[in-house]
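Trainee: Take me around the ligand pocket, please, slowly and atom by atom. I'd like to know what touches what, and how much of the ligand is left uncovered.

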Amino acid sequence: MISQFELIGDDKVGVLPKQVNQLEMCREIAAQKDMQENDSSFMLVDLDKIIERFNLWKRELPMIEPFYAVKCNTDVVLIRVLASLGCGFDCASREEIDIVMETGVSADRLIYANPCKTRSFIVHALERDVRMMTFDNAEELIKIGKLHPNAEMILRIAVSDPTATCPLNLKFGADPVLAAPQLLKLAHEEGVNVVGISFHVGSGCNDATAYRTALSHAKNLCEIGEGYGFKMDIIDMGGGFPGAEHAHNPFEKIAETIRDALDEFFPETDKRLIAEPGRFFAAEPFSLVANIIHATEVPASKITKDPKDSAEHGYMYYINEGVYGSFNCILFDHAHPIGGPLFDVDRNEKYMSTIWGPTCDSLDLVEDKKLMVKMEIGEWMYYPDMGAYTLAAATTFNGFAKPVPMYVMSEEMWANIKDSNHI
Ligand SMILES: *Cc1c(COP(=O)(O)O)cnc(C)c1O
């Protein structure tokens, strides 16, 4: 039970006497909503989890300062909790810079990590004294040279895990062997200050060796940059770190690969090591609970497309969250969310099922050919790990509201962060 409310900024946060798991908490809230005949979807945000993820980062990669990639989820409470822990922020637009700075974070904890920036946003960065920013092409260097005399430029190179969920190097990153040395030369000629090297191996990285390859290029390019008189004291390892514990490529393994590569290429370095994790922080703290607004019995063959199943029962469910809302991750982030009944049910037999979103579009498909117990209209579905690339791009298409965030935190964690001197 949410026994008491405390304010973090303007947002109400339920503070609990002890840590309760997210599933239990969601059940509690759904049961209360049932009593109020309120069937709207909601997102439980477990703020303790954000702190646990931050501590996990500090344990595995203590030498690397995280700069949370704000585009992953711009929830202000998430940002405020990370800010209070001393986290830095990766912003890619004027708005993201403003959202973060409004929490009280100073400009030196921001990196403007978009290699192709809007000119007016560069001027805005100058006004707010945001200096660290990335580039990967000659035209951007010239733009920055004209618009932001104090910029501290970080050269982004393209080193890719080709098996990453979302490869990014088609769009960004200079070739580390051919183009990058030329860009360092040009920066020297144009009088633009370069301070380091960055890369992003791809969001949802599957192959940790990509970080090692990137660090070996970074080492060479630092030497080339130093030859032009640049200080080259920042190595920015981008994002790509997995968001949930059960990911098949565990964070601990990636961290180990990175620690080994740092020992190899940058032993006892006094360089500032940073990274831009997005989903690493945002995925796990958010659990989605959606209501089954309709259920229809169909021949299972309609779902399996196999005439042999025509005598079996199948079910099509319609829930009040779909791909136009936070399940946009299915389309944009190539995610495969797997949900289940929120409450334990004493029905055992499973049927071929499809779970649709609420809009009038057949693209709005959440799960297909799912074997699930029979569910009733009005019951709830639970989807864990729904914080990364979900709410950030959700719309209200067709008049369906986004899930309402409900924040919870244990008394112990609240006591730990409420007097933070970081914001
Ligand atoms: C999206 C992005 C990130 C975050 O990526 P994750 O895979 O979510 O960690 C970091 N840096 C840049 C430049 C990005 O575009």
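Mentor: Start with His-200: a side-chain N or O atom of that residue sits 3.0 Å from a ligand oxygen, which is a polar contact (a pair of N or O atoms within 3.5 Å). Before we go on, this is a predicted model, with local features taken only at pLDDT of at least 70 and side-chain atom pairs only at 80 or more, while totals for chains, interfaces and linings use all residues. Numbering runs from 1 along each chain as its sequence is written, and side-chain values use heavy atoms, leaving out hydrogens and water.

Now swing over to Glu-276, where an N or O atom of the side chain lies 2.6 Å from a ligand nitrogen. With Arg-279 it's the backbone that does the touching: one of its N or O atoms is 2.9 Å from an oxygen of the ligand. As for cover, the ligand on its own has 390 Å² of accessible area (Shrake-Rupley, 1.4 Å probe), and the protein hides 93% of that.

Zoom out a bit and you'll count 14 residues around the ligand, each with a heavy atom within 4 Å of it. Nearest among those 14 are Lys-71, Ser-203, Glu-276, Gly-278 and Tyr-389, so Glu-276, the partner of that ligand nitrogen, turns up here again. Sorted by class, the shell holds 5 charged residues (Asp, Glu, Lys, Arg), 4 nonpolar ones (Ala, Val, Leu, Ile, Met, Phe, Trp, Tyr, Cys, Pro) and 5 polar ones (the others, Gly among them).

Definitions and conventions
Polar contact = N/O pair within 3.5 Å; in protein donor to acceptor, adjacent residues only side chain to side chain.
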